[in-house]
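Q: Could you take one part of this model and walk me through it closely? Pick a helix and tell me what it packs against.

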Amino acid sequence: MSVSESTRPPYCRLSSYYFFSCAIYGAMLPYWVLWMRDKGYNALEIGGVTSAQILMTVAGTYFFGFLSDKTGKPLQLVRGGIIIALTLFTAIFWVSDNYLGVIMVLAGSSFFWQGINAQFEVITLRHLGRFQDNYSLVRLVGSVGFVLSVWATGHLLEIIDIDYLPIMLLALMIMLLVSAWVNYGGHIETDQTRTQSIMGQLATPEVLLTVAIFFLSNLSHGGYYGFFSLFLEDRGYSQGQIGNLWSVAVVFELAMFAVMPWILRHVSYIRILIVSLVLTVVRWTVMATEPQTWWALAFIQLLHGFSFSWVHSVGILIFKQLFCGALEGRGQALLAGGCAAAGQAIGIACAGYLWAWGASLTFAISAGAAALALFLALFLNASKLRVTSGKSE
């Protein structure tokens, strides 16, 4: 079945995929580092595993992006990738005490599971057609899945041993596969003889500038994604409290996704991006002061709605316009892999080395990366990029 702009997008089916995909992140992101610490791994080893996982995501996103543009069958690739990832992840039960084994399982499963996520973005955008400003409403359900998963996992781990975390992740992967199977519209007619090279598009200054901005923005989140839970645990917060603080971030993330369609009708993409980056700099600057009070930490988490939600939503739409037609799959792969995954991998790796010097230095560098992204964003030319929402700069 081909995706048609004339039909109502299948919002519920699309949203279900984001729900379970983000639920996996919700169970893994705050707690996997705690699982590794429980197994005796140190901060440097944790950073190494997480970086390897994300670097393989970079490779996977481009690999599946190329196959998607070549075959025109992104949904079939999504389904196949999840099946392989699920199979690989089961090996964690046999290699949990072997550092090399943990790296191989996490990196291998990430190549397939996270590597195919950008192609579901392609499916979603093609379904939405002329209703693309509603993307954030579909993605909002993912935030619901994340916050419910973070909250539930945190409180469950106060009742059961953290050794059960891989079982919980495996169950969520199975639900993700079911969700991928009930979606449709994956086959897109394509002329395989006209597959374009992405290098010509990447050579333009506006595209290079855009890639650098989203790369730096994601790099600035590395210390947060990799070590925020450890930061809280070292200050005496329980796993339930850690889950609550992560939930604060995602509740506000959800709210910002909800208002995005209205914002897009009144504000240009570039202005939204600049405001978001300003608040990202504020977020990491405050974090560099190593706040001790719960309300200060909650304030930092509230800013996640800007540093992630708005930046992510605008990024999806900008890359959709910069890379269209035969480049669509690789364009979304570049955002998900080259900007988001690679940026976060380098950020987490750097944070792993810097953590011994203190959280203050780690987050000060995060603020610097966000400030550089903000500086570059000031040079974006809306008329050349053709990425306004109807408002002129």
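A: Let's go with H9. The buried residues here (buried is under 20% relative accessible area, exposed over 50%, partly exposed in between, with a 1.4 Å probe and protein chains only) are Leu165, Pro166, Met168, Leu169, Leu170, Leu172, Met173, Leu176, Leu177, Ser179 and Ala180. Before going further: this is a predicted model, where local features need pLDDT of at least 70, side-chain atom pairs count only at pLDDT 80 or more, and totals for chains, interfaces and linings use all residues. Residues are numbered from 1 along each chain as its sequence is written, and side-chain values use heavy atoms, leaving out hydrogens and water.

Helix H9 covers residues 165–182 (helices are DSSP runs of H or I, at least four residues, numbered from the N terminus). Its 18 residues reach 26 Å from first C-alpha to last, close to the expected 26 Å, taking 1.5 Å times one less than the number of residues.

What do those buried residues pack against? Their partners are H1 (11–28), H2 (32–38), H4 (74–89), H5 (92–95), H6 and H8 (135–156), with contact meaning heavy atoms within 4.5 Å.

Just ahead of H9, in the loop between H8 and H9, sits Asp163. Asp163 makes a salt bridge with Lys39, closest N and O atoms 3.0 Å apart; the rule is a side-chain nitrogen of Lys or Arg within 4 Å of a carboxyl oxygen of Asp or Glu. Lys39 lies in the loop between H2 and H3 (43–71), so the pair ties together parts 124 residues apart in sequence. Asp163 is partly exposed at 38%, and Lys39 is partly exposed at 24%.

Technical notes:
Helices (H or I, at least four residues) and strands (E, at least two) are DSSP runs, numbered from the N terminus.
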